[in-house]
Amino acid sequence: MRIFDPHIHMTSRTTDDYQAMASSGVRAVVEPAFWLGQPRTSVGTFVDYFDGLVGWERYRAAQYGIRHHCAISLNPKEANDPRLAAVLEEIPRYLEKDGVVAVGEVGYDSMTPEEDKAFAVQLGLAVEHALPVLVHTPHRDKAAGTRRTLDVVRESGIAPERVVVDHLNEVTAPLVADSGCWMAFSVYPDTKMDEDRMVRILQEMGTARMMVNSAADWGRSDPLKTWRTAREMRIAGFDDATVERVFWQNPVEFFGQSGRLMLDEDPVAEPEYAGNSILRGARAGA
């Protein structure tokens with residue numbers, strides 16, 4: 001089985017995670033730009049981070065046969081820091097780079113005026129650069145945040161089929177289903193969905209415009225949650241074609257709207273990137 005994880009933060013993960021993902025069938029990922037836990041204090045830190053997403057991280061993934069793509073944005077949490085407002089001016093040049101398949105994560109954290117502005121500006125950039133958008137819904141007051149998200153998407157004029165609204169649950173998924181946007185669910189320990197709840201939603205709502213991700217990051221999370229959910233779908237009676245639809249065809253269809261997915265060939269595992277490798281020292285016996 002092929003798996004495409006459409007939302008995972010590999011910058012926060014180890015090469016052991018890449019190996020485990022490859023062994024479990026993960027063949028492609030999208031890594032959205034996000035908050036790193038430690039607040040950033042200058043625009044230059046974002047430039048370095050974006051450079052890593054389009055360069056070093058793609059190199060790391062290729063060592064394990066995984067196609068790495070990314071989405072670029074000023075995330076909603078850090079949009080509240082006035083020192084970082086100029087990050088929005090750096091984003092357009094990254095939206096033209098190979099492997100950048102969306103604008104994201106954008107949306108809301110605390111639903112502030114600063115977040116309103118950053119969200120609207122970046123939806124406009126997505127339209128300008130003909131890219132789909134990955135939207136983060138807030139962890140607090142999620143239903144209100146999802147409704148507000150959908151209002152802003154409608155006001156922006158972007159086609160709803162070019163928007164995926166993420167971190168949904170049983171309450172918010174029906175709101176998004178009626179909007180025409182894609183729906184995404186993060187199977188993440190303790191704070192988001194689990195496998196059983198995810199399977200029940202798929203049983204009740206079907207698989208059209210549905211994506212499932214691990215959202216694995218620097219927190220207590222599991223980069224194999226896509227594989228574990230696929231296994232639970234099979235146990236629940238879903239056939240292989242339906243599992244393939246959720247974990248491969250749907251993310252390919254959505255992010256394929258960018259025209260930049262790199263799935264036709266196996267990634268080339270170059271020995272070095274910018275003079276560096278994933279090896280820490282010489283190989284044994286060398």
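A disulfide is a pair of cysteine sulfur atoms within 2.5 Å. By that rule this predicted model has zero disulfides. The legends below describe close-up views of the model.

**View 1. Two buried cysteines, Cys-70 and Cys-181, in a model with zero disulfides.** Cys-70 has a relative accessible area of 1% and is therefore buried, the cut-off being under 20%. Cys-181 is also buried, with a relative accessible area of 2%. The disulfide count is zero under the 2.5 Å sulfur criterion.

**View 2. The open sheet of eight strands.** The strands follow the order 1-2-3-4-5-6-7-8, and their pairing is parallel. Strand 1 (3-5) and strand 8 (210-213) are the edge strands; each has a single partner strand, so one side of each lacks a neighbour in the sheet. From one strand to the next, the twist averages 25 degrees. Strands of a sheet pair through backbone hydrogen bonds, in either a parallel or an antiparallel manner.

**View 3. Pairing of strand 6 with strand 7.** Strand 6 covers residues 163-166 and strand 7 covers residues 182-186. The two run parallel and are joined by two bridges. Opposite Val-165 stands Met-183 of strand 7.

**View 4. Strand 7, helix 8 and strand 8 as a β-α-β unit.** The unit is right-handed, and its helix 8 spans residues 195-205. Strand 7 and strand 8 run parallel, with four bridges between them. Phe-185 stands opposite Val-212, a residue of strand 8. Along strand 8, Met-210 and Val-212 point one way, while Met-211 and Asn-213 point the other way. These four residues of strand 8 are all buried. Strand 8 is also an edge strand of the sheet, with a single partner strand.

**View 5. Surroundings of His-68 in strand 3.** Strand 3 comprises residues 67-72. His-68 has a relative accessible area of 2%, which means that it is buried. Its side chain makes a polar contact with the side chain of Glu-31, at 2.8 Å. Leaving aside neighbours within four places in sequence, the residues in contact with His-68 are Tyr-18, Val-29, Glu-31, Leu-53, Glu-57, Arg-58, Ala-61 and Met-262. Glu-31 thus appears both in this contact list and as the partner in the polar contact.

**View 6. A cis peptide bond between Gly-104 and Glu-105.** Omega for the bond from Gly-104 to Glu-105 is near -5 degrees. Glu-105 belongs to strand 4, which runs over residues 100-107. Most peptide bonds are trans, and most residues other than glycine have a negative phi.

**View 7. Ala-130, a non-glycine residue with positive phi.** Phi of Ala-130 is near 55 degrees. Ala-130 sits in the loop that links helix 5 (113-128) and strand 5 (133-136). With a relative accessible area of 45%, Ala-130 is partly exposed.

**View 8. Arg-209, a non-glycine residue with positive phi.** The phi value of Arg-209 is about 60 degrees. Arg-209 is located in the loop between helix 8 and strand 8. Its relative accessibility is 25%, so Arg-209 counts as partly exposed.

Notes. Residues numbered from 1 in each chain as written. Predicted model: local features only at pLDDT ≥ 70, side-chain atom pairs only at ≥ 80, totals over all residues. Heavy atoms only, no water. Pairing = 2+ DSSP bridges. Axes fitted to C-alpha atoms, helices over the stretch in contact; angles between N-to-C directions. Buried < 20%, exposed > 50% of the residue type's maximum accessible area, 1.4 Å probe, protein only. Polar contact = N/O pair within 3.5 Å; in protein donor to acceptor, adjacent residues only side chain to side chain. Contact = heavy atoms within 4.5 Å. Right-handed = clockwise from strand over helix to strand, strands pointing away.
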